[in-house]
Amino acid sequence: MPIEWDEENGIFHLLNDRTSYMIRIVHGKYPAHLYWGKRVHALQAAAILFQKSRSFSPMTDPSNPSFSLDTLPQEYPAFGNGDFRTPAYQLRSEDGSTITEFVYDSHEIYKGKRPLEGLPAAYTEDDAEADSLVITMVDSKLGIGLHLQYSIYRDHDVITRSVSFENLGRRKVELHKCMSMSVDFHHSNWDLLHLHGTWARERHIERQPLITGTQSISSARGASSHQHNPFVALLAKNATEEYGDAYGISLVYSGNFQAAIEVDPYQSTRLSIGINPFDFIWLLMPGETFQTPEALLVYSHAGLGGMSRTFHRLLRTRICRGHYRDQTRPILINNWEATKFNFTEKKLKQLADASAEVGIELFVLDDGWFGQRHNDKSSLGDWYVNKKKLPSGLNGIAEYVQNKGMQFGLWVEPEMVSPDSELYRQHPDWCLHVPGRNRTLSRSQLVLDLCREDVRNWLVETFTRLFESAPISYVKWDSNRNFTEVGTAALPPERQKETAHRYMLGLYQILEKLTSRFPRILFESCSGGGGRFDPGMLYYMPQTWTSDNTDAVERLKIQYGTSIVYPAITMGAHVSDVPNHQVGRITPLEMRCDVAMAANFGFELNIDNLGAEDKKTVQQKIQFYHHIKELVCFGELYRLLSPFDGNDTAWMYVSENQDQAVVFYYKTLATPNPPLFRLYFRGLDPNRVYQMSNGYSYTGDELMKLGITMSSIKSDFFSKVFYLEAEPI
Ligand code: DGJ
């Protein structure tokens, strides 16, 4: 029974074979957090919530002075009647008050997991895969119901949480804050890990001890952002890649978010994640319901690596959807770094010829094919082909590519409009804006107002026509700026602060329509590289362009950091030209290929300019990738050496049945007279013998315990890939 209800003690126990999550309804009113961690069989769990009377902590119940909401570990805390810590929600009623008194009303336990209307969320394919609990709390004075939604997966150590608010009364209410989850840990002996960055430097890892007080990461940019990924983890002090407690929380959302972690004076830790309450107010009218995005909660006692592998499996199989979910992806070439805007049909055909020769499977035409788009200053919105550049149209180039045995893919940036475009001249009011205010440009463009139904309909129709107009097998869906002057003509003044979230709902609606209308198109999301690399986007588009930075050395950190949450199959990784466009570094082709083929392999350079030797290398790497792509795409990731710790990076993928593995090792700079160093593998079957591509056989046990000695390497930017195959049992 994966969700147990102990009525006598008021305890809900969500459990699978490995994880337990326990909630207790205290005094029949307050959902308190009891436990989250390794699966437990407990007899006295109710007693664990021992509370001490604390000066200045308000008395929730005068007959029991030690009981106070201020020190109670809670599941969804409020502010205003005793708890001074970070609240999970705040409502404002018509009389201006933000005081609420939600108490337990009822609950429902059911098999399976319901979808969240209009929002991406983890799903099940069969009701047996998950069990769900809804705890309903009601503020009877306000007439508002609050539903705490939980699901636990049978085969994934994942609990999902979200909340919905239902206006059951006759008066309107404003939601000022409504996080997707909140959880209280009874101590603060944690390190906080999160992923931060900027354009061309996404998802770098930061790990530091918690401090007393509040730390938070957030985005108010209208996108999950390059700057902070909607993810945080709390790690036990002794947690390493493979050992120790790791709690990871990821938000299935692509817009403004906040994750806050507060350590109180009694050293308990409160963690919450959800829509950023800054610049957000939602008006909830009688009869209406507001659903928050979903949070994915992963617990692992096998360290950060265990946590990542759990996220990978869940995102790959129960967030990503559609035809390509379980397919390795075609090796692509994208013309962007090869030509930028400066291409002709002839140039593209030459690139296609050279690409087909080396074995590339998909040719992607990037920005610059439409309207008068000769640079980034115009034409977004004018989604018709520029016949001067492409005299035989999209069909002509697509057919040419197909005749070369490749598929054809196209870049689009549907959410944006250039002021210098026919669309903007016709509909200057179709962008996000505030009447009478400046419209701040970024990359010379504005954001279309997806809160408007007419804009959404136009987008769906325009892109349906476009995707039907040529044999398009792949679409890169780009988005190259963040929001300013956030306002919409679709909403009255009192609803303006709903704009950013309604934009996201509008975007999700468009993506749902287009991706289900074109199930055989492989969609890749992009936002100036990885500015919207989040589970929300992956629900619609099963891969994301990881970063505009394709330098092999920089990519080690970007891909390593991204792998903390996201599986390799979701990470677009391309070999580009040297000197690298972003950092000017010259790295060998060998290393560039070895870094890119550790994820979703592709190219972004002028193959035709490569010498014969380099073309041969590319061909060999492509052949080798075919050999390992199942492993990379569907294998279990073990990170061996971190680029954030030094000069050496290594990671490996192991097939589920431990039959095969591939190990990637990279050394950034040569070191003089270096110490001898051993590389220890992980995740293998200790009892099996593996034949390795260096010509030797080893037991899994010795590769993991003795490791292999790496000979000293006298060159910068060195890489080596080992392939392992287990001998039949
Ligand atoms: C930003 C993307 O990240 C690039 O790969 C490229 O598609 C450009 N946009 C095109 O404008």
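A salt bridge is taken here as a side-chain nitrogen of Lys or Arg lying within 4 Å of a carboxyl oxygen of Asp or Glu. By this criterion, two salt bridges are counted between domain 1 and domain 2 of the protein chain, which is examined here as a predicted model. The side chains of Glu288 and Arg495 meet in a salt bridge, with a distance of 3.7 Å from N to O. Polar contacts between domain 1 and domain 2 were also counted, and they amount to 28 residue pairs, with both residues at pLDDT 80 or more.

On the side of domain 1 that touches domain 2, at least two residues each are supplied by the strands β11 (190-196), β12 (204-209), β14 (228-236), β15 (246-252) and β18 (282-284), and likewise by the helix α1 (303-318). The largest share of this side, seven residues, comes from α1. When the residues of this side of domain 1 are sorted by class, 26 are nonpolar, 13 are polar and eight are charged.

The wider arrangement places these contacts within a chain divided into domain 1 (4-318), domain 2 (332-635) and domain 3 (641-726). The C-alpha centres of domain 1 and domain 2 lie 34 Å apart, and the contact between these two domains takes 47 residues from domain 1 and 43 residues from domain 2. Between them, domain 1 and domain 2 bury about 3800 Å², of which 58% is on carbon and sulfur atoms. Within domain 1, the residues that lose the most area to domain 2 are Arg203, Trp282 and Arg316, which together account for 16% of what that side buries.

Notes:
Residues are numbered from 1 along each chain as its sequence is written. This is a predicted model: local features need pLDDT of at least 70, side-chain atom pairs count only at pLDDT 80 or more; totals for chains, interfaces and linings use all residues. Side-chain values use heavy atoms; hydrogens and water are left out. Domain bounds come from an automatic or database domain assignment. Contact means heavy atoms within 4.5 Å. Buried area is the accessible area (1.4 Å probe) that two parts lose on being put together, summed over both. A polar contact is a pair of N or O atoms within 3.5 Å; within protein, one must be able to donate a hydrogen and the other to accept it, and residues adjacent in sequence count only if both atoms are side-chain atoms. Helices (H or I, at least four residues) and strands (E, at least two) are DSSP runs, numbered from the N terminus. Ala, Val, Leu, Ile, Met, Phe, Trp, Tyr, Cys and Pro count as nonpolar, Asp, Glu, Lys and Arg as charged, and the others, Gly among them, as polar.
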